[in-house]
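I opened this notebook to record how the strands are arranged and how one charged side chain is placed. The entries follow in the order in which I looked things up.

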Amino acid sequence: MRNLFAAFAVLFLAATTFGAGITKKPYGKMPDGTAIEEYTLTNKSGMTMKVITYGGIVTELHVPDKDGKLADVCLGCSSLEEYREGHPYFGAITGRVANRIAKGKFTLDGKEYTLATNNGANHLHGGKVGFDKVVWTAKSDEGETQQALRLYYKSNDGEEGYPGNLKVSVLYVLTDSNSWMIEYSAVTDKATPINLTQHAYFNLAGHASGTIHDHVVTIHADKYTPGDETLIPTGKIEPVKGTPFDFTEPTAIGKRIKEIKADPVGYDLNYVLREEKVASTTKPVATVTEPKSGRVMKVLTSEPGVQFYTGNFLDGKQKGKGGVKYPQYGGFCLETQHYPDSINQKTFPSIVLEPGKTYVHRTVYSFSTVK
Ligand code: GLA
């Protein structure tokens with residue numbers, strides 16, 4: 001009888017540990033007392049994603065390897081205090097306009113706007129208090145085959161210098177087929193630029209596994225938008241062929257990284273994605289494979305560009321999860337988005353959202369394995 005109970009207890013434990021669903025717990029408090037929540041989404045195969053309402057940050061993403069062993073593949077901090085002390089956008093929602101706006105200035109409908117500048121003379125990732133640093137409200141939805149978390153934020157007219165009251169919603173879905181799907185949507189009451197993305201840093205060997213030089217990357221882009229030394233696009237669109245930026249064939253990140261002429265050295269550029277891949281629900285715009293673990297990540301998106309960034313600014317000083325110090329090239333980002341400085345570049349696809357229209361951006365990070 002006792003054994004039977006013991007067996008039952010073990011079974012129950014297994015079910016609660018690996019059962020699909022969503023749990024929620026307090027993560028800390030903002031200085032004004034606002035409570036920050038942490039949501040844990042778990043799917044049927046045990047893949048787990050943790051999200052906090054501060055910045056919509058994905059703090060952990062546990063993904064199986066070729067033997068079914070889980071590892072946390074996203075870089076991050078250990079606590080709200082550490083995130084608030086400052087970090088390079090680990091796992092965060094970035095906006096109102098992700099990436100750079102030259103000198104923080106643009107003209108829309110004949111009016112000049114001046115934004116907060118926070119990257120030398122330029123505006124980066126929404127400004128001093130971008131969407132990565134605000135508190136989102138969340139609503140969770142447990143499903144039969146997927147777990148969903150919807151985050152909401154209202155950005156007021158004039159916030160960081162942007163026009164219009166903007167209502168933003170970001171939906172994170174963890175499916176039983178090991179996909180992390182994201183749907184961003186927004187409406188405004190005045191024309192405004194908008195370009196939302198997710199700034200997750202991935203290391204498919206595990207977040208504390210050193211550099212990502214061995215990861216093999218394919219990006220379906222024949223062209224890119226070259227930038228000046230502050231990474232503001234020159235406005236030209238140039239071929240990747242014959243440059244270290246060519247990832248049209250699977251190539252290890254570390255193979256040509258030293259050939260890049262930049263300070264710091266590394267990938268930090270926007271790719272012009274092949275049109276036939278954009279908005280495809282089956283054809284990824286990028287694929288990354290980590291040979292040792294066999295983990296594969298495919299990226300599908302509705303957006304025309306992707307910023308490929310290899311953690312060039314990481315320097316071993318940033319406090320990471322569990323006391324880890326992330327080295328330079330300790331993670332990579334594939335930030336699906338419109339091109340940098342689009343609001344000032346008339347030849348780039350427009351990022352202006354008009355009242356009465358809805359901004360929609362869909363991206364999927366889909367995980368699988370190879371032996
Ligand atoms: C983006 C930018 C990089 C850098 C990181 C954050 O990827 O393109 O230049 O600013 O964000 O450190």
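I began with strand 23 (residues 295–301), which pairs with strand 27 in the antiparallel sense over 7 bridges. I take strands as DSSP runs of E of at least two residues, numbered from the N terminus, and two strands as paired if DSSP finds at least two bridges between them. Leucine 300 has valine 364 in strand 27 as its bridge partner.

I note that this is a predicted model, in which local features need pLDDT of at least 70 and side-chain atom pairs count only at pLDDT 80 or more, while totals for chains, interfaces and linings use all residues. Residues are numbered from 1 along each chain as its sequence is written, and side-chain values use heavy atoms, with hydrogens and water left out.

I then followed strand 27 (residues 359–369) to strand 14 (residues 179–188); the two are antiparallel and share 8 bridges. Here glutamate 183 has arginine 362 as its bridge partner, and tyrosine 184 has histidine 361.

Is strand 14 enclosed or open to its surroundings? I found 7 of its 10 residues buried, so strand 14 is largely enclosed by the rest of the structure (buried means under 20% relative accessible area, with a 1.4 Å probe and protein chains only).

I looked next at strand 13 (residues 166–175), which pairs with strand 14 over 9 bridges, again antiparallel. Valine 173 stands opposite methionine 181. The hairpin of these strands has 3 residues between them, and asparagine 178 takes a positive phi near 65° there.

I placed these pairings in the whole sheet: 9 strands form an open, antiparallel sheet in the order 11-12-13-14-27-23-22-17-20. Its edge strands, each pairing on one side only, are strand 11 (137–142) and strand 20 (251–252). Strand 11 is joined to strand 12 (residues 146–155) by 6 bridges, and lysine 139 stands opposite arginine 150.

I turned to aspartate 268, in strand 21 (residues 268–273). Which side chain of opposite charge is nearest to aspartate 268? It is arginine 100, 4.4 Å away, and the buried aspartate 268 has no salt bridge (a side-chain nitrogen of Lys or Arg within 4 Å of a carboxyl oxygen of Asp or Glu). I did find a polar contact of 2.7 Å between the side chains of aspartate 268 and glutamine 307.

I closed with confidence: pLDDT, the predictor's confidence in each residue from 0 to 100, has a mean of 95 for the protein.

Note on methods: Helix = DSSP H or I, 4+ residues; strand = E, 2+ residues; numbered from the N terminus. Buried < 20%, exposed > 50% of the residue type's maximum accessible area, 1.4 Å probe, protein only. Lys, Arg positive; Asp, Glu negative; His and termini not counted. Polar contact = N/O pair within 3.5 Å; in protein donor to acceptor, adjacent residues only side chain to side chain.
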